[in-house]
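Please find below my comments on the model, set out as numbered points and intended to be read with the coordinates open.

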Amino acid sequence: MTPISPRQFGKITLFFAFNFLAAFILAASAQEQPPAPKTAGQQYKNIQALKDIPADQLIPTMQFISGALGVDCEFCHVEHAMDKDDKKEKQTARKMIEMELAINKSHFNGEVEVTCYTCHRGLPHPVGVPILTVNGTKMPEHEHHEISAQESLPSADQILDKYLAAIGGAETLHKIKTRVQKGTVDTGGEQYPIEIYSEAPEKRLSISHPSFGESVTAFNGQAGWLTTPRGVHPMNAAELRSARIDAQIYFPAQVRELYQEFKVLPGETIDGHATFLVTAKGAATPALRMCFDQQSGLLLRLIRYTETPLGRNPLEVDYADYRDTNGVKIPYQWTLTRTNGSFTIRITTVQQNVPIDEKLFVMPPIPETPHP
């Protein structure tokens, strides 16, 4: 055997070391790749019409159907046995979903224009005959402030500037670094405590204490999660976009950075206050409709939408009882309304620029198999 020179030995050693390092890096990279998100068909039993949508979109989509038809889950599903096909309504729902998807694909380039609500309007069965009116008039869904021909709507910038000034101005607002609010939640049938922790620029965590156990909704600037006695649920992409808006402690000053397209329309009359309606659209933010008091400039109502494969789920927030707190006006009451009900939060104490334990904003471990 020909002896190996020290130089050859060094080359061989370097060759093996390089290959070992490359293999190690490739293996590590493979391990670091996150698993592909599951589809609804992979995670849940007996999913057919919606089997290819992301698994985390299934529940919001079911919530949309429930709101569009004005029904609860048991209208289509067998209670505690959601995968069973015992009810005729479930078979019908599958056909209706396939019809909606086909219409949007064929006529609207796949955009969600026709939805369950287009025909159902909150009823289990669509009304196929025009509704008769009394004296030739119909009651409007909302009372709107009429803008006369002589009046002109202000620009979005004018309305948003007045809003920012009304709450105290950008300089005063940016002096607020943290906010701790305590109060109660009123669901109409139960009252229980709630604490809300906010930290600039976009961290927010609420802890409520209903009778069935503690509930947490949190966003730490990057991740979001919901915690109930059943476990921890990580927010999906749509939920994260909404949570980021809720967490903006400087929202009055940041709204024009978060959104790029604004439109002004005549607004509704809310509790006797005429409003201007400003719609806002952004590339990576949920669409908003904001109603501002024409006199005070304060935000009275915000409606945002969460996209689902079958349509938009709306959330309406009505703000009231604005009070000056350290030079900044903030609402001490807000009512959240979804398609399945509403609840009101009333704040009793507010502390600003106080220390908040950063551990609150650490996301807890997520179970390997989330609860369906």
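**Notes on charged and aromatic side chains**

1. Lys203 is partly exposed, its relative accessible area being 21%, and this value falls just on that side of the boundary because buried means under 20%. Its partner Glu358 is likewise assigned to the partly exposed class, with a relative accessible area of 37%. The two side chains meet in a salt bridge, with 3.2 Å between N and O. This pair links distant parts of the chain, since Lys203 belongs to strand 3 (residues 203-208) whereas Glu358 sits in the segment after strand 13 (341-352), 155 residues apart. Please bear in mind here, and in every point that follows, that this is a predicted model.

2. As to the overall setting, the chain has 372 residues, of which 37% count as buried, and its secondary structure comes to nine helices and 13 strands. Among the contacts in the chain with a separation of 6 or more, 45% are accounted for by residues 24 or more positions apart. The structure holds 14 salt bridges, and the points below take up some of them individually.

3. Which residue forms a salt bridge with Glu268 at 2.5 Å between the closest N and O atoms? The residue is Arg301; it lies in strand 10 (residues 299-308) and Glu268 in strand 7 (residues 261-270), so the salt bridge ties together parts of the chain that are 33 residues apart in sequence. Arg301 counts as buried at 9% relative accessibility, and Glu268 counts as buried at 10%, because the limit for that class is under 20%.

4. Arg301 also meets the side chain of Asp318 in a salt bridge, with an N to O distance of 2.6 Å. Here too distant parts of the chain are linked, with Arg301 in strand 10 and Asp318 in strand 11 (residues 311-325), 17 residues apart. Through salt bridges that share partners, Glu268, Arg301, Glu316 and Asp318 are joined into one network.

5. Arg179, found in strand 1 (residues 178-186), deserves a separate comment. What is the nearest side chain of opposite charge to Arg179, and how far away is it? That side chain is Asp324, 10 Å away, and Arg179 has no salt bridge although it is buried. The absence follows directly from the cut-off, because a salt bridge requires a side-chain nitrogen of Lys or Arg within 4 Å of a carboxyl oxygen of Asp or Glu. The side chain of Arg179 does, however, make a polar contact with the side chain of Gln352, at 2.6 Å. Leaving aside residues up to four places away in sequence, the residues that Arg179 touches include Ile196, Tyr197, Ile249, Val328, Ile330, Val350 and Ile356.

6. Turning to the aromatic side chains, a search of the whole structure finds one aromatic pair. The rings are those of Tyr163 and Phe292, whose centres are 5.0 Å apart and whose planes stand at 55°, so the pair is classed as tilted. Tyr163 in helix 6 (residues 156-166) and Phe292 in strand 9 (residues 288-293) are 129 residues apart, and the pair thus links distant parts of the chain. Both Tyr163 and Phe292 are buried.

7. A final item concerns a charge placed against a ring: Arg312 lies over the face of Tyr305, at 4.8 Å from the ring centre.

Notes
Residues numbered from 1 in each chain as written. Predicted model: local features only at pLDDT ≥ 70, side-chain atom pairs only at ≥ 80, totals over all residues. Heavy atoms only, no water. Helix = DSSP H or I, 4+ residues; strand = E, 2+ residues; numbered from the N terminus. Buried < 20%, exposed > 50% of the residue type's maximum accessible area, 1.4 Å probe, protein only. Lys, Arg positive; Asp, Glu negative; His and termini not counted. Polar contact = N/O pair within 3.5 Å; in protein donor to acceptor, adjacent residues only side chain to side chain. Contact = heavy atoms within 4.5 Å. Phe/Tyr/Trp six-rings, centres within 6.5 Å; stacked < 30°, edge-to-face > 60°. Lys NZ or Arg CZ within 6 Å of the ring centre and 35° of its normal.
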